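Please open the model in a viewer and keep the sequence panel visible. The tour below proceeds by selection, one element after another.

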Amino acid sequence: MRQSLCVSAVLAAALVARADISSGPKAGEKVEDFKVYGVVGAIENKEGSYVKDRKDDPTVYVFVQHEHFNRPMARLLKELDTKAKETNDKAATIAVWLTEKQDAAKEHLPKIQMSLNFVNTSLGVFEGDKSGPNNWGINVDAHCTVVIVHKGKAVESIALQSANETDAAKVVEALKKAK
């Protein structure tokens, strides 16, 4: 009994520690523009700027650490593809892959699109460091970082270690603040 209590305490502490990860700009901070190679969606097969294109419209940026992309995270993106637009008809989701293997990611993203059939989500690859754009404060320890932006400022940043479709509810709540 005592040993199981110790194991439970260690597991609980590990879960709390994982929840404490911070990633992305703080609420109210102006977001900096950055270039991305667009693969699918609003920018296709060229370099561009989602920040510039989206201007003041509410946008859900999902910074995906490529090595941690998996089916549960794909389900999160699919859920956001629908829920973001339902929450705010001007909203769009932008998934930006962060990786040192950018060419491999560029080849992989069309396959993801073919599988998930996104309607309101663009997919791109950040061609810089896997820590993401300067001044965005992306933590490489977060498997993905969701940043809700409206009128050029961060509404909220959510760091996820083990992302799945249930995390979409947190994003939708933050997106409601962008009205």
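Select helix H5 (residues 168-176) and display what surrounds its buried residues: they pack against S3, helix H3 (71-87), S6 and S7. Contact here means heavy atoms within 4.5 Å, and buried means under 20% relative accessible area, exposed over 50% and partly exposed in between, with a 1.4 Å probe and protein chains only. Helices (H or I, at least four residues) and strands (E, at least two) are DSSP runs, numbered from the N terminus. This is a predicted model, in which local features need pLDDT of at least 70 and side-chain atom pairs count only at pLDDT 80 or more, while totals for chains, interfaces and linings use all residues. Residues are numbered from 1 along each chain as its sequence is written, and side-chain values use heavy atoms, leaving out hydrogens and water.

Within H5, highlight Ala168, Val171, Val172, Ala174 and Leu175, which are buried. Viewed down the axis of H5, these buried residues fall within an arc of 165°, so they line one face of the helix; the arc is that of the directions from the helix axis to the C-beta atoms. H5 lies across strand S3 (59-65), strand S6 (144-150) and S7, and runs at about 170° to S7. Axes are lines fitted to C-alpha atoms, for helices over the stretch in contact, and angles run from 0 to 180 degrees between N-to-C directions.

Next, select the strands. They include an open sheet of seven, ordered S2-S1-S5-S4-S3-S6-S7, with mixed pairing; two strands pair if DSSP finds at least two bridges between them. At the edges are strand S2 (46-48) and strand S7 (153-160), each of which pairs on one side only. From one strand to the next, the twist averages 30°.

Now isolate strand S4 (residues 92-98) and strand S5 (residues 121-125), which run parallel and are joined by five bridges. Among the residues to label is Val96, whose bridge partner in S5 is Gly124. Add helix H4 (residues 102-116), which packs on the sheet and touches strand S1 (36-40), S4 and S5. The direction of H4 makes about 165° with that of S5.

Finish with two loop residues. Most residues other than glycine have a negative phi. Asn45, in the loop between S1 and S2, has a positive phi near 55° and is exposed, with a relative accessible area of 55%. Asn117, in the loop between H4 and S5, has a positive phi near 50° and counts as partly exposed at 49% relative accessibility.
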